[in-house]
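I opened this notebook to keep track of what I looked up, starting with how strands pair and then turning to the backbone of a few loops.

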Amino acid sequence: RATRRDRRRSGGPRVIPAHPHRVAFEQGAERRRAALWAVVQRALFATSFHNAYRWRNFLLRWFGATIDRTVRVRPSCRIDRPWHLSMARKSALGDGVVIYAGAPVTIGERSVISQYTVIAAARGAPGAAPAPAPVSIGDDCWIAAESFVPGGATVPDGVVVGARSVLPGDDSLGSWTIVSGDPARSRRERAYQGRGTAGEPEGSR
């Protein structure tokens with residue numbers, strides 16, 4: 001048995017891996033929680049009136065989402081693990097948006113995810129099981145209809161994504177730009193009322 005002196009010589013205390021039974025229990029609990037949410041989403045979330053935003057926000061919070069009271073989520077959205085979802089002030093999810101939240105999905109203030117966009121917080125090589133990978137969308141962004149946001153994607157503040165674009169799974173996009181394509185790339189700077197190019201306040205240059 002290792003003594004304290006042995007542990008100090010080896011660089012610190014031993015790291016004991018999680019017991020396989022505990023890992024299996026936690027994975028099972030996650031699946032049961034997802035199954036319960038699927039029932040609630042089908043029975044109470046998807047059937048709610050189109051303007052019952054507070055009710056849907058309550059259901060999402062009940063299952064662990066971090067949702068500002070001003071958020072608007074349409075009833076036709078599908079979110080598989082709301083406890084990984086965070087939405088800031090005045091952000092919105094349009095009709096038919098699908099979020100596979102295997103990892104944290106963060107949406108900033110005043111950002112809009114338009115109709116039938118898919119956010120998949122996972123990535124992996126072809127033929128391999130996907131691994132969880134977080135998605136971060138900054139403030140004042142607009143992801144236009146039928147776009148795809150993969151795991152690992154970082155959308156900086158002020159980005160407008162053209163319809164049906166496929167975003168890269170990295171942080172290569174520039175802030176306050178208009179992007180499009182497959183894979184999407186920054187096409188030009190986005191001018192915004194009260195700001196100069198690239199999101200800088202007017203007169204700051």
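Before reading any pairing, I fixed the term: two strands count as paired if DSSP finds at least two bridges between them. I also kept in mind that what I have open is a predicted model.

**Entry 1, the seven-stranded sheet.** I first asked in what order the strands of the open sheet of seven run. Reading across, I found β2-β5-β8-β13-β16-β17-β18, and I noted that the pairing is mixed. At the margins I found β2, residues 72–73, and β18, residues 184–189, as the edge strands, each of which pairs on one side only.

Inside this sheet I looked up the contact of β16 with β17, that is, of residues 160–161 with residues 177–181, and found a parallel pairing over two bridges. Because two bridges are what the definition asks for at the least, I entered β16 and β17 as a pair. For Val161 I looked up the bridge partner in β17, which is Val179.

**Entry 2, the five-stranded sheet.** I then went to the open sheet of five strands, where the order is β1-β4-β7-β12-β15 and the pairing is parallel. Here the edge strands are β1, at 66–67, and β15, at 154–155, and each of them has pairing on one side only. I checked β12, residues 135–137, against β15 and again read two bridges in the parallel sense. Within that pair I noted that Ser136 stands opposite Thr154 of β15.

**Entry 3, backbone exceptions.** As background I wrote down that most residues other than glycine have a negative phi, and that most peptide bonds are trans.

Which peptide bond did I find to be cis? The bond from Asp182 to Pro183 is cis, with omega near 0°, and Pro183 has its place in the loop that lies between β17 and β18.

For phi I looked at Lys90, which is not a glycine and yet has a positive value of about 60°; this residue sits in the loop between β4 (85–87) and β5 (92–93). I noted Asp140 as well, also a residue other than glycine, with a positive phi near 60°, and placed Asp140 in the loop between β12 and β13 (142–143).

**Entry 4, accessibility of these two.** Is Asp140 buried or exposed? Its relative accessible area is 14%, and since buried means under 20%, I recorded Asp140 as buried. Lys90 has a relative accessibility of 46%, so I entered Lys90 as partly exposed, the class between 20% and 50%.

Definitions and conventions
Residues are numbered from 1 along each chain as its sequence is written. This is a predicted model: local features need pLDDT of at least 70, side-chain atom pairs count only at pLDDT 80 or more; totals for chains, interfaces and linings use all residues. Side-chain values use heavy atoms; hydrogens and water are left out. Helices (H or I, at least four residues) and strands (E, at least two) are DSSP runs, numbered from the N terminus. Buried means under 20% relative accessible area, exposed over 50%, partly exposed in between (1.4 Å probe, protein chains only).
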